[in-house]
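Thanks for making time this morning. Please bring up the model on your screens, and I will walk you through a few of its parts.

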Amino acid sequence: MFSMFVNTNNYLKSGVVIASHVRKREYRFSSRAPWKYSFQPAFNLIDHRELHFQARGSECRKMSSQAMGEKESNGVVKDCLQELPHSNNYETAMEALSSLITGQKRGSRSSVGSRYGKLERMQMYLKILDLEEHIPKLKIIHVAGTKGKGSTCAFCEAILRECGFRTGLFTSPHLIDVRERFRINGLDISEDKFLFYFWDCWNQLKQQVTEDLPMPPLFQFLTVLAFKIFVCEQVDVAIIEVGLGGTKDSTNVIKVPVVCGIATLGMDHTEVLGDTLGEIASHKSGIFKPQIPAFTVHQLSEAMDVLHEKANELAVPLKVVEPLDERKLDGLKLSLSGDHQFTNAGLAVSLCKCWLQRTGNWEKILQNDKKEANIPEAFLRGLAAARLSGRAQIVYDLSSNCNSSSTLAESSSGDLIFYLDGAHSPESMEVCARWFSSAVQESKQLPKLLSSSHDVEIIKEVWGSGYIQSERDSSVESNKISKKILLFNCMEVRDPQILLPRLVSTCASSGTYFSKAIFVPSMSTYNKVTSGTSAIPSGISNRDLSWQFSLQRLWEKIIHGIEGDILDKSSKLDSAETLPPREFVYEDASRCSPADGIFGCSSVISSLPLTIKWLRDCVRENPALRVQVLVTGSLHLVGDVLKLLKR
């Protein structure tokens with residue numbers, strides 16, 4: 001099965017073709033003296049093997065305390081992991097991580113370590129791992145915000161990597177595999193290294209737990225692990241995305257960042273941060289540190305007033321950044337799609353320039369620039385190379401075109417294209433709608449995808465090299481019949497009565513209309529951490545779909561302009577067939593009669609894997625069909641779809 005990712009620079013994984021542009025570069029400015037550090041792997045050992053592994057762990061500590069090149073470090077990690085008991089594999093680590101999920105609802109008072117506050121506990125965890133004194137040396141860029149903070153961090157990471165620095169990036173959440181949260185030099189941390197650092201942290205903390213200082217909850221552990229990884233990997237800069245809020249976020253143990261950033265603020269996580277924009281801004285500005293420069297984008301006045309007030313209290317030089325002028329890109333395009341990314345890119349450029357100035361590297365960058373420009377060439381390369389999965393991401397699913405792994409049936413099936421964006425707030429839903437409308441209109445110019453055996457050879461070459469660098473002629477008009485389908489789910493703490501109307505109205509204002517909507521439960525559960533290779537359930541029996549049916553009722557009301565509770569009284573919306581008939585995709589809505597319980601505009605399907613298979617079957621048997629599926633409402637749903645497409 002093949003899937004082609006567009007507008008992303010993800011490195012290749014099994015079964016996925018990714019469009020990207022890659023260039024080799026030298027790391028010019030990372031020749032500082034390496035730090036002294038210790039891995040101290042305190043492995044959980046069993047019976048008669050314990051002394052052997054303790055001795056082997058001591059050998060690893062001795063080797064890792066010396067200055068090592070990357071190859072030597074990789075060898076030490078691999079050798080130590082080979083000595084581990086078989087039970088300490090990746091899935092075992094996922095089970096251990098899952099045990100840290102508290103199961104609490106957001107906004108509820110924490111019952112963890114009641115004697116100490118969250119940040120106090122974080123400081124104690126860092127002290128146990130001997131990380132306290134090393135964190136300032138990470139030369140951190142700390143970024144908060146409601147929407148755009150992840151994209152801003154991705155731009156910063158790519159820019160500074162193109163400038164020649166060894167980068168570390170910590171973001172959340174992950175979509176498929178927890179290792180996505182930890183990037184070294186633009187790549188997710190390897191499985192071997194993840195296991196090495198994970199068990200190191202896990203066992204050292206496990207040895208020190210008390211009634212007052214239990215094991216950290218999941219996000220706190222991952223944050224501590226990020227610091228451990230970046231310290232041991234000797235990064236030149238660590239870009240840290242705030243998890244939730246700012247003031248009390250686990251990442252706010254950072255005392256002396258090089259620079260701070262606040263991306264666009266909006267109404268989200270109100271159950272924790274407050275139900276006014278001012279309260280939310282107060283939490284976000286909690287990452288400001290005395291006299292440390294900070295940058296933000298244009299905000300609504302209620303939020304901006306709070307940011308300025310907080311900055312004045314701490315003598316923080318706060319600057320408001322303009323969106324990046326597209327004309328300054330010298331013909332290049334931002335790697336992350338959507339007009340809103342110019343706002344995030346503008347913030348990233350300012351953060352990186354300030355970081356370079358404060359670390360004494362700005363002049364070096366200018367000296368190595370071949371021409372005078374407002375934006376250095378390395379910055380431009382970074383802006384064109386940044387990647388962030390699940391945000392304005394387009395995936396061409398080609399599995400329905402393939403009769404086998406080596407042949408294609410020319411023009412034998414339709415096109416299935418997924419547009420993925422994890423929008424889950426009113427503001428981000430509006431941004432998602434504008435991007436989707438623009439993207440589907442551009443796709444009218446796309447030719448039939450992978451229509452020859454030559455394209456299969458390109459795919460094979462891509463699997464070998466990791467990247468595809470060819471460009472296609474987009475001048476051919478497609479004659480396919482396009483059907484736009486919404487694939488939606490959201491957490492019950494969200495308000496779909498705001499999200500769905502905002503999505504529909506914004507798309508309609510651009511002339512984009514959905515033929516159908518499908519509501520599904522996510523595969524991801526909130527009590528288990530899974531990996532990219534974890535088993536996918538084939539089906540879910542007796543699953544409670546009441547939330548999905550309520551979403552469907554709301555959708556039908558919006559589409560048909562129905563007010564009142566007429567749909568709520570329809571018993572025909574209380575059960576769902578396993579799959580709707582395939583005609584559902586391409587028939588019009590003329591037979592839809594909500595008052596009679598006939599819903600031709602939407603469907604509830606009990607299983608996401610079945611939904612993806614059903615969509616593939618629909619386009620496989622109809623060559624004239626182009627199905628464009630917008631997946632949104634939840635990053636968990638987006639991650640689940642990506643996981644299925646990569647299988």
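**Aromatic pairs and a central strand**

Let me start with two residues, tryptophan 362 and phenylalanine 379, both of which are buried. Before going further I should say that this is a predicted model, so please keep that in mind throughout.

In general, a pair of aromatic rings is described by the distance of the centres and the angle of the planes. Across the whole structure, a search finds 20 aromatic pairs. One of them joins phenylalanine 170 and phenylalanine 182, whose ring centres are 5.7 Å apart and whose planes meet at 25°, and this pair is stacked. Because phenylalanine 170 lies in strand β4, residues 167–170, and phenylalanine 182 in strand β5, residues 182–184, the pair ties together parts that are twelve residues apart in sequence. Are these two rings buried or exposed? Phenylalanine 170 is buried, with a relative accessible area of 1%, and phenylalanine 182 is buried as well, at 0%.

Coming back to the residues I opened with, the rings of tryptophan 362 and phenylalanine 379 have centres 6.1 Å apart and planes at 75°, so this pair is edge-to-face. The pair links distant parts of the chain, since tryptophan 362 belongs to helix α12, residues 362–367, and phenylalanine 379 to helix α13, residues 377–383, and the two are 17 residues apart.

Ring pairs also build a cluster, and among its members are Phe170 and Phe182, together with Tyr90, Phe194, Trp199 and Trp202. A ring can have another kind of partner too: lysine 516 lies over the face of phenylalanine 584, at 4.8 Å from the ring centre.

Now let me turn to strand β7, which covers residues 237–241 and is mostly covered, with five of its five residues buried. In a regular strand the side chains alternate between the two faces of the sheet. In β7, Val237, Ile239 and Glu241 point one way, while Ala238 and Ile240 point the other way, and all are buried.

Which strands pair with β7? Strand β3, residues 140–144, pairs with β7 in the parallel sense over four bridges, and within this pairing isoleucine 141 stands opposite isoleucine 239. Strand β4 also pairs with β7 in the parallel sense over four bridges, where the bridge partner of glycine 168 is alanine 238. Strand β4 is thus a good place to end, as it is the strand that holds phenylalanine 170 from the stacked pair.

Conventions:
Residues are numbered from 1 along each chain as its sequence is written. This is a predicted model: local features need pLDDT of at least 70, side-chain atom pairs count only at pLDDT 80 or more; totals for chains, interfaces and linings use all residues. Side-chain values use heavy atoms; hydrogens and water are left out. Rings of Phe, Tyr and Trp (its six-membered ring) pair if their centres lie within 6.5 Å; planes under 30 degrees apart count as stacked, over 60 as edge-to-face and the rest as tilted. Buried means under 20% relative accessible area, exposed over 50%, partly exposed in between (1.4 Å probe, protein chains only). A charge sits over a ring if NZ of Lys or CZ of Arg is within 6 Å of the ring centre and within 35 degrees of the ring normal. Two strands pair if DSSP finds at least two bridges between them.
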